[in-house]
Each structure stands twice: as C-alpha cells, then as structure tokens.
Amino acid sequence: MTAIIWALVLTACTPQGECYKQTIQWFDGEPECLEIKAIHESIPPDGAWKTVNYTCGIIGAIGI
C-alpha cells in the first residue's frame, strides 16, 4: 500500500515576476495541511513580495 503524503508549499513572487517555491511541511492527511496553511496565511509576509501563496498538495501528484 502506498502512503499519500500531503505537503504545504510556499510560493513567493517578486514584483519582477521571479517566483520561488519551498516546501514548508509534510502531512499524513489534507485536514492537517489545511489547518497549518491557515496559520501561515495569517502571518504577514516579510519583504517586498508581490504575491505570497500557500498551497496543500499531494507529493508527486500532477494535480488534484
């Protein structure tokens, strides 16, 4: 049986359009990922980012 691992991923983009992705944490289920995502979204971004987005997704998935 293959385990499904969820990841919280941060994507931050500069005003010039350069974007950077970083995995923040892994989870065994979507509910835990969404809970921590909400906490991270409540924290003001540091720096002069144009956009800061957090997403929960399945490790290795093409899309959900």
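Visitor: How many disulfides does the count come to in this chain?
Guide: The model is a predicted one, and a disulfide is a covalent bond between the sulfur atoms of two cysteines. One such link is formed by Cys13 and Cys19, and another joins Cys33 to Cys56. With bonded cysteines counted along the chain, the disulfides follow the pattern 1-2, 3-4. The count therefore comes to 2 disulfides, given that the sulfur atoms of a pair must lie within 2.5 Å.

Visitor: Is the disulfide of Cys13 and Cys19 right-handed or left-handed?
Guide: The sulfur atoms of Cys13 and Cys19 are 2.0 Å apart. The torsion about their S-S bond is about 110°, and for that reason the disulfide is right-handed.

Visitor: Which of the two, Cys13 or Cys19, counts as buried?
Guide: A residue is buried when its relative accessible area is under 20%, and partly exposed between that value and 50%. Cys19 has a relative accessible area of 46%, so Cys19 is partly exposed. The relative accessibility of the other partner is 12%, which lies under the limit, so the buried residue is Cys13.

Visitor: Which parts of the chain does the pair of Cys33 and Cys56 tie together?
Guide: The sulfur atoms of Cys33 and Cys56 are 2.2 Å apart, and with -105° about the S-S bond this link is left-handed. Cys33 lies in one element and Cys56 in another, 23 residues apart in sequence, so the pair ties together helix α1 and strand β3.

Visitor: Are Cys33 and Cys56 buried or exposed?
Guide: The relative accessibility of Cys33 is 0%, and the relative accessible area of Cys56 is 14%. Since buried means under 20%, Cys33 counts as buried, and Cys56, too, is buried.

Visitor: Which strand supplies the largest share of the largest nonpolar core?
Guide: The largest nonpolar core has 7 residues, and both Cys33 and Cys56 belong to it, together with Trp6, Leu8, Leu10, Phe27 and Tyr54. Two strands, β1 (residues 6–13) and β3, each supply at least two residues of this core. The largest share, which is 3 residues, comes from β1.

Visitor: What pattern does the chain follow when it is read along the sequence?
Guide: The secondary structure comes to 1 helix and 3 strands. Among these elements are strand β2, at residues 19–27, and, further along, α1 at 30–41 and β3 at 51–58. Read along the sequence, the chain follows the pattern β-β-α-β.

Visitor: What is the arrangement of the rings of Tyr20 and Trp49?
Guide: The count of aromatic pairs comes to 1. In that pair the ring centres of Tyr20 and Trp49 are 6.2 Å apart and the planes stand at 70°; as planes over 60 degrees apart count in this class, the arrangement is edge-to-face.

Visitor: How many residues apart in sequence are the parts that Tyr20 and Trp49 tie together?
Guide: Tyr20, at 44% relative accessibility, counts as partly exposed, and Trp49 counts as partly exposed at 35%. Tyr20 lies in strand β2, whereas Trp49 lies in the loop between α1 and β3, so the pair ties together parts whose separation in sequence is 29 residues.

Visitor: Which residues, leaving aside its neighbours within four places in sequence, is Gln22 in contact with?
Guide: Gln22 has its place in strand β2, and with a relative accessible area of 48% it is partly exposed. Gln22 and Val9 are 13 residues apart in sequence, while their C-alpha atoms are 5.6 Å apart in space. Leaving aside the neighbours within four places in sequence, the residues in contact with Gln22 are Leu8, Val9 and Leu10.

Visitor: Where do the two residues of the salt bridge, Glu41 and Lys37, lie?
Guide: The structure holds 1 salt bridge, in which the side chains of Glu41 and Lys37 meet at 3.0 Å, N to O. Glu41 has a relative accessible area of 44% and is partly exposed. The two residues are 4 residues apart, about one turn of the helix, and both lie in helix α1.

Visitor: What percentage of the residues of the chain count as buried?
Guide: The accessible surface of the chain comes to about 4,900 Å², of which 58% belongs to carbon and sulfur atoms, and the C-alpha trace spans about 45 × 25 × 15 Å along its principal axes. Of the 64 residues of the chain, the part that counts as buried is 22%.

Conventions: Residues are numbered from 1 along each chain as its sequence is written. This is a predicted model: local features need pLDDT of at least 70, side-chain atom pairs count only at pLDDT 80 or more; totals for chains, interfaces and linings use all residues. Side-chain values use heavy atoms; hydrogens and water are left out. Buried means under 20% relative accessible area, exposed over 50%, partly exposed in between (1.4 Å probe, protein chains only). Contact means heavy atoms within 4.5 Å. Accessible areas come from the Shrake-Rupley method with a 1.4 Å probe; for residues, only the protein chains shown count as cover. Rings of Phe, Tyr and Trp (its six-membered ring) pair if their centres lie within 6.5 Å; planes under 30 degrees apart count as stacked, over 60 as edge-to-face and the rest as tilted. A nonpolar core is a set of buried Ala, Val, Leu, Ile, Met, Phe, Trp, Tyr and Cys residues joined through side-chain atoms within 4.5 Å. A salt bridge is a side-chain nitrogen of Lys or Arg within 4 Å of a carboxyl oxygen of Asp or Glu.
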